[in-house]
Structures are given as structure tokens and as C-alpha cells.
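Could you read the following note alongside the coordinates, and check each point against the residues it names?

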Amino acid sequence: GAGSGKTRVLTHRIAWLLAEHGVRRGEVIAITFTNKAAAEMRDRLREMIGEAARDVAMGTFHSLCARMLRRDGEAIGLPTGFAIYDADDQARVIKGLLRDDDLPATGATKPSTILAAISRAKNDGLTLDQLEDQAVTHHERLIAGYARRYAAELKRLEALDFDDLLIEGLRLLQESPAVADRYQSKWQYLHVDEYQDTNRIQYAWVRELASLHGNLCVVGDDDQSIYSWRGADIRNILDFERDWPRAEVVALEQNYRSTQVILDAAHGVVANNRSRK
């Protein structure tokens, strides 16, 4: 639950690996969902082991994928100098396509609406062909058409959006065995925070990295999965023991943040969840 010490567990495990287990700093990686969380984890680790914390790879899924693609993206045909497009850049691309079609940037063709649908498809691991094949309604066909044109325009501009960083990061590991072997051999101790918020692409990326050594430590709470609207898949944490049969599960059942009244209220709500441990 919230306040049960999940992130603390990850940080202490990393410190223990380095100080007591003889693990080299470059062999450890910690993956978070926000830059703020990564900075906080590094600060905690620095308090425990000093400046050696700087040599531990820490960052968000997006930042780590971007780092890998900058270095090795040419192996799958990406330009090393690719641009990373934010929400404003993405909207500008869609508006340009809408102008070409003489359509308004409002209602069903509002750029944010189109981009949200494209992002959902990407996070679910759908290809452009699959998106077109599954399109039934006029709106779905419209989205599929803009998804293909949007992808073509980004390629022309030598740009990736944030979803592409994850997709191409996964493709790099899957399609370049030499690159995958190097990262699997380098990062032998994987740690993932807030695992309940991973989507299928992030799940597959972690699985590829951990496939060589199987040394994966994740923390999360299935009752805190609130990001399904942006692709988070609760199955990733519910099925963890099936995917990793040798996994050891440690329940953190003491809360260090909230009073008993708050905990009782929270438990009264989440007890109604249908899919949970």
C-alpha cells in the first residue's frame, strides 16, 4: 500500500547489493516513472553509499530508452540525432495534417483527441496495420489513417515522440541481438518502482533486459493501479509470479504514513476491487 516503504525497499536493496554482495555499480539499474522519483531515489542512495550512487543507472523508462537509442539506434535504422517531440510538437504535426485535409482542429478531429487515441494504440502494442484492421467505425478508421500519416511525418522529420522512445527501445532489444546482449550483460540487477503502472511495452522491455539473468526486483501495489487510461496494464503485476516462476513475494503490510482511520477507509474501498492479489 501507499506508505508501506516500497521505494525504500528498492533503495536499500541496491545499497545492500553494492556494499554487502560485491555487485559493481555499473551492473545495477533502477527504473522509475518520473524524473522526480529518480532524483529522490538517487538522493536516498547517496545518503547511504556516498558519491558512488552517481554510477548507478537510474531514470524513467523514457529517459533510459532515449539513452540507449542515442547510442545504438543506428542498429535498427534510427538517426543518432533524432529529435524528441513533446505534446506541442505532436499537436503541430497533427494540425498540419488537418490543414491538408481542410478539417477543423475541433471536436472529433481535435489534435489532442487524435493523439490520445494514437498513444493508446501504441501503449497497447498495436501496429499500424493492426490498428487499421481493427477499425470498424468511421472515427476508428479516421484515427487509423491519421496514425499512419503521423508516423510517416515523424519519420520524415527524423523525430520520435515519447511513446516511440519505448517502442523503439523495445525493438532495439528484440531486433539487434548484439546490442541486447551488451545491455543484458551490463545491467544484471534490475529494479522497477510502481510496477502496477507499467504498460505492455514497458513490461516487454523489462522482460527482454532481464531474460539473460532473471534478476528482477519490482515493487508495486495492484490496488494503486490508476493509469489504465494511459495504457497501464494491471496484469503485469497480477501475473508476475506466473511470468517469473522462481519469484519470491514479500508483502509489506505495515504502514508508516497513514493513521488507522485512513487505512480502514482505504481498505473499505479497495476491498471491492475485482482483480487484486
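The numbered points below take up one topic each.

1. On the nature of the model. The structure is a predicted model, and every value quoted in this note should be read as computed from that model.

2. On helix α2. This helix covers residues 35-49, and at 1.5 Å a residue its 15 residues should span 21 Å, a figure with which the 21 Å between its end C-alpha atoms agrees. The buried residues of α2 are Ala38, Met41, Arg42 and Leu45. Viewed down the helix axis, these buried residues fall within an arc of 100 degrees, so they line one face of α2. The exposed residues Lys36 and Glu47 are carried on the face that is turned away from this buried side.

3. On the cysteines. How many disulfides does the structure hold? The number is 0, and cysteine 65, which is in no disulfide, has as its nearest cysteine sulfur that of cysteine 217, 20 Å away. Seen from the other end, the closest cysteine sulfur to that of cysteine 217 is in cysteine 65, and the 20 Å between them is too far for a bond, because a disulfide requires the two sulfur atoms to lie within 2.5 Å. Cysteine 65 counts as buried because its relative accessibility is 1%, and cysteine 217 likewise counts as buried, at 15%.

4. On the salt bridge between arginine 149 and aspartate 101. The count of salt bridges in the model comes to 21. In one of them the side chains of arginine 149 and aspartate 101 meet, with an N to O distance of 2.7 Å. Arginine 149 lies in helix α7 (residues 138-156), whereas aspartate 101 lies in the loop between α4 (87-100) and α5 (111-123), so the pair ties together parts that are 48 residues apart in sequence. Each partner is partly exposed, arginine 149 with a relative accessibility of 31% and aspartate 101 with one of 32%.

5. On the salt bridge between arginine 207 and aspartate 243. Here the side chains meet with an N to O distance of 4.0 Å, a value that deserves some care because the criterion for a salt bridge is a nitrogen within 4 Å of a carboxyl oxygen. Arginine 207 belongs to helix α10 (residues 200-210) and aspartate 243 to helix α12 (residues 240-243), so this pair ties together parts that are 36 residues apart in sequence. As for accessibility, arginine 207 is partly exposed at 35%, while aspartate 243 is buried, with a relative accessible area of 13%.

6. On the remaining charged pairs. The side chains of arginine 242 and aspartate 239 also meet in a salt bridge, at 3.7 Å from N to O. Arginine 242 is exposed, with a relative accessible area of 59%, and aspartate 239 is partly exposed at 23%. Salt bridges further link Asp43, Arg46, Glu51 and Arg54 in a network.

7. On backbone geometry. Which phi values would a reviewer wish to inspect in glutamate 158 and glutamate 194? Glutamate 158, although not a glycine, has a positive phi of about 55 degrees; this residue sits in the loop between α7 and β4 (159-161), and at 45% relative accessibility glutamate 158 counts as partly exposed. Glutamate 194, which is not a glycine either, has a positive phi of about 50 degrees. Its place is in the loop between β5 (189-192) and α10, where glutamate 194 is partly exposed, with a relative accessible area of 25%.

8. On the nonpolar surface patch. Val9, Val250 and Leu252 form a nonpolar patch on the surface, and together they have about 220 Å² of accessible area. Valine 9 lies in helix α1 (residues 6-20) and, at 33% relative accessibility, counts as partly exposed.

9. On proline 79. This residue is found in the loop between α3 (61-72) and β3 (83-85), and with a relative accessibility of 27% proline 79 counts as partly exposed. The C-alpha atoms of proline 79 and aspartate 233 are separated by 31 Å, the two residues being 154 residues apart along the chain.

Terms used: Residues numbered from 1 in each chain as written. Predicted model: local features only at pLDDT ≥ 70, side-chain atom pairs only at ≥ 80, totals over all residues. Heavy atoms only, no water. Patch = residues over 30% accessible without salt bridge, like charges linked within 9 Å, V, L, I, M, F, W, Y side chains within 5 Å. Areas by Shrake-Rupley, 256 points an atom, 1.4 Å probe, with all protein chains shown as cover. Helix = DSSP H or I, 4+ residues; strand = E, 2+ residues; numbered from the N terminus. Buried < 20%, exposed > 50% of the residue type's maximum accessible area, 1.4 Å probe, protein only. Expected span 1.5 Å × (residues − 1). Arc of directions from axis to C-beta.
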